[in-house]
Amino acid sequence: MNAHASTRHETYLNAAELAVIRSQYPIVKECIYWNNAAVSPISIGVRDAIARQATLHATDTSGIMVASAPTCDKGRSLAAKLVGSTAERIAYIQNTSHGLSLVALGIDWKPGDNLVVPELEFPSNFLIWETLSQQGVEIRTMKARNGALAPDDLRFLVDSRTKLVAVSHVQFYSGFRVDLAGFSQICADHDALLVVDGTQSVGVLSVDMEGEGVDVLVVSAHKWMLGPVGIGFAAFSERAFERIKPRIVGWLSVNDAFSFHRVLDFLPDAKRFEPGTENGAGIFGLAKRLEEIDSIGMEKIESYVMELGARIRTQAKSAGYEIMSDWPEESQSGIILLKNPKVATSVLFADLDAADVKCSVRNDAIRFSPHYYSNDDELALVSEVLRGATSRANP
C-alpha cells in the first residue's frame, strides 16, 4: 500500500465504523436527515449524558456543582483540543448571539473606530455589530462575489481604526468556506481582531485557531456539532482575552465566588465570561459530543462528509441540476446548494419532503447538509427524487 492510500485509510470512516455511528442516531430510522446546517439531531450518547445531569439534579441539588465539575472541565479541554485553543480560554455560552455579544460589548470602542462584516452574514453575526453604530462605530460591509468572500476584497476595508473583522467560517446561504488564514493576515497587519462564527463549520470541518490566526471563535452546538440546543462555547486568543472585558457580570465571574464578596476581581481565565448558573444539562450533552468527536477523529468526519458532498454534486449535475455551491475544493463545506432551472425550488422541496428527505431552502435553492451518519443508501434515494423531478420537467 502506498503512503497516500495508507493516510486515506487512517483518516476515512470504514463500513463498520459507519454502522456503529448510525446505530447511535435514531433519526436515521425515521427519515433522511440532510439538514444539519439548520438544527441537528443528537446521539443516544448525548441524550443519555443530558439525562445523567438531570438525575444528579433530581437527587443531590446541594452537591451538583461539585459533581458536575469534572464534566465541565473535560468539556473545556476537549473543545480546546478540537479548535486549537487552551482550556483556560474556553467559555461556555448559550448560543452564537450570546458569544458574539460578549465580544461586541467587551471591546473599548471609541467614536471613529470601525469594524468589517460581510453584508450577507447570518443575522446573529450582523445585528449585534449594527448596534455599535450608536456609539459612533463605523460598520463597514464587505460585498460577496456570488456568495464568495476573498481576502483581497477585505484588504481595502481595513485600516488603523479597524478594531475587528467578523465573519462566519462558512456562509450559511452559499456554503462558501472562508480563507481564515488569509483574513487573519490582513487583520494582523492592522492589529485588528478576527472574530469567527464557527457554527456552520465546527464539528464537520477542521479548525485550528492558532494556526489560522483566529482571535475569537464562537460555536453553537446545535448544528454541525450534533449537540444540544442552548449551549456552545467561545474560544479566545491571548490578545483577544486581554482586550475583551466582561460586561455581562455575575457572582461567578470573580475569584472565590462562594465567599459571596462584592469585589470585582475577575477570574484569570475565560470562566469570567460565565456570570451565573450554567446550563448544566447542555454542558453534559456538549461534553459527551466532544468526546464522541475526539474518539472518532475530526479528520475522519471531515473526509467522509466532504467526499459524500462531492458525490452529491456529481450525481445532481448528471441529473440536470445547477450546483450553486460549486466552489474550489479548499472553499467547500458541508453545505450543498442546488437548483433545477426547469423545476421550481418549492416543488422540488415538496418532492423531497414527501420522500422523507429533510433539508432546507436557502437563496432560492435546495440546501443539503448531510453529516457523517449519512450513507450510500440515502444518497441513492435522494438521487432518485432529483432524477424524478427532472424527468417530469422533460417528458
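**Chatting through a predicted model**

Author: Let's start with a pair of charged residues in this predicted model: Glu-302 and Arg-177 are both buried.

Reader: Hi! What do the side chains of Glu-302 and Arg-177 do?

Author: They meet in a salt bridge, at 3.7 Å from N to O. Glu-302 belongs to helix H12 and Arg-177 to the loop between S5 and H8, so the pair ties together parts that are 125 residues apart in sequence.

Reader: Nice. How many salt bridges does the structure hold?

Author: The structure holds 27. One of them joins Arg-140 and Asp-159, whose closest N and O atoms are 2.9 Å apart. Here strand S4 supplies Arg-140 and the loop between H7 and S5 supplies Asp-159, so parts 19 residues apart in sequence are tied together.

Reader: And is Arg-140 buried or exposed?

Author: Arg-140 is buried, with a relative accessible area of 18%. Its partner Asp-159 is partly exposed, at 23%.

Reader: Which residues are joined into one network by salt bridges that share partners?

Author: Asp-191, Asp-215, Arg-239 and Arg-243. Asp-191 also takes a positive phi of about 55°, just after H8.

Reader: Switching topic: what domains does the chain have?

Author: The domain assignment gives domain 1 (15-39 + 297-393) and domain 2 (47-295). Their centres, taken over C-alpha atoms, are 29 Å apart. In between, 28 residues of domain 1 are in contact with 26 residues of domain 2.

Reader: What about the largest nonpolar core, how many residues has it got?

Author: That core has 88 residues, and Leu-217, Leu-338, Phe-368 and Tyr-372 have the most contacts inside it. Helix H12 gives the most to this core, with eight residues. Each of domain 1 and domain 2 contributes at least three residues.

Reader: Which residues is Leu-338 in contact with, leaving aside its neighbours within four places in sequence?

Author: Among them are Ala-316, Tyr-321, Met-324, Leu-348, Phe-368 and Leu-386. There is also a second, separate core of 29 residues, including Ile-93, Val-103, Ile-107 and Val-117.

Reader: One last thing: where is Arg-272 found?

Author: Arg-272 sits in the loop between helix H10 (238-243) and helix H11 (280-296).

Reader: Which side chain of opposite charge is nearest to Arg-272?

Author: Asp-269, but it is 6.3 Å away, and the buried Arg-272 has no salt bridge. Instead, the side chain of Arg-272 reaches the backbone oxygen of Leu-267 at 2.7 Å. Beyond its neighbours within four places in sequence, Arg-272 has contacts that include Phe-241, Pro-246 and Ser-253.

Notes. Residues are numbered from 1 along each chain as its sequence is written. This is a predicted model: local features need pLDDT of at least 70, side-chain atom pairs count only at pLDDT 80 or more; totals for chains, interfaces and linings use all residues. Side-chain values use heavy atoms; hydrogens and water are left out. Helices (H or I, at least four residues) and strands (E, at least two) are DSSP runs, numbered from the N terminus. Buried means under 20% relative accessible area, exposed over 50%, partly exposed in between (1.4 Å probe, protein chains only). Lys and Arg count as positive and Asp and Glu as negative; His and the chain ends are not counted. A salt bridge is a side-chain nitrogen of Lys or Arg within 4 Å of a carboxyl oxygen of Asp or Glu. A polar contact is a pair of N or O atoms within 3.5 Å; within protein, one must be able to donate a hydrogen and the other to accept it, and residues adjacent in sequence count only if both atoms are side-chain atoms. Contact means heavy atoms within 4.5 Å. A nonpolar core is a set of buried Ala, Val, Leu, Ile, Met, Phe, Trp, Tyr and Cys residues joined through side-chain atoms within 4.5 Å. Domain bounds come from an automatic or database domain assignment.
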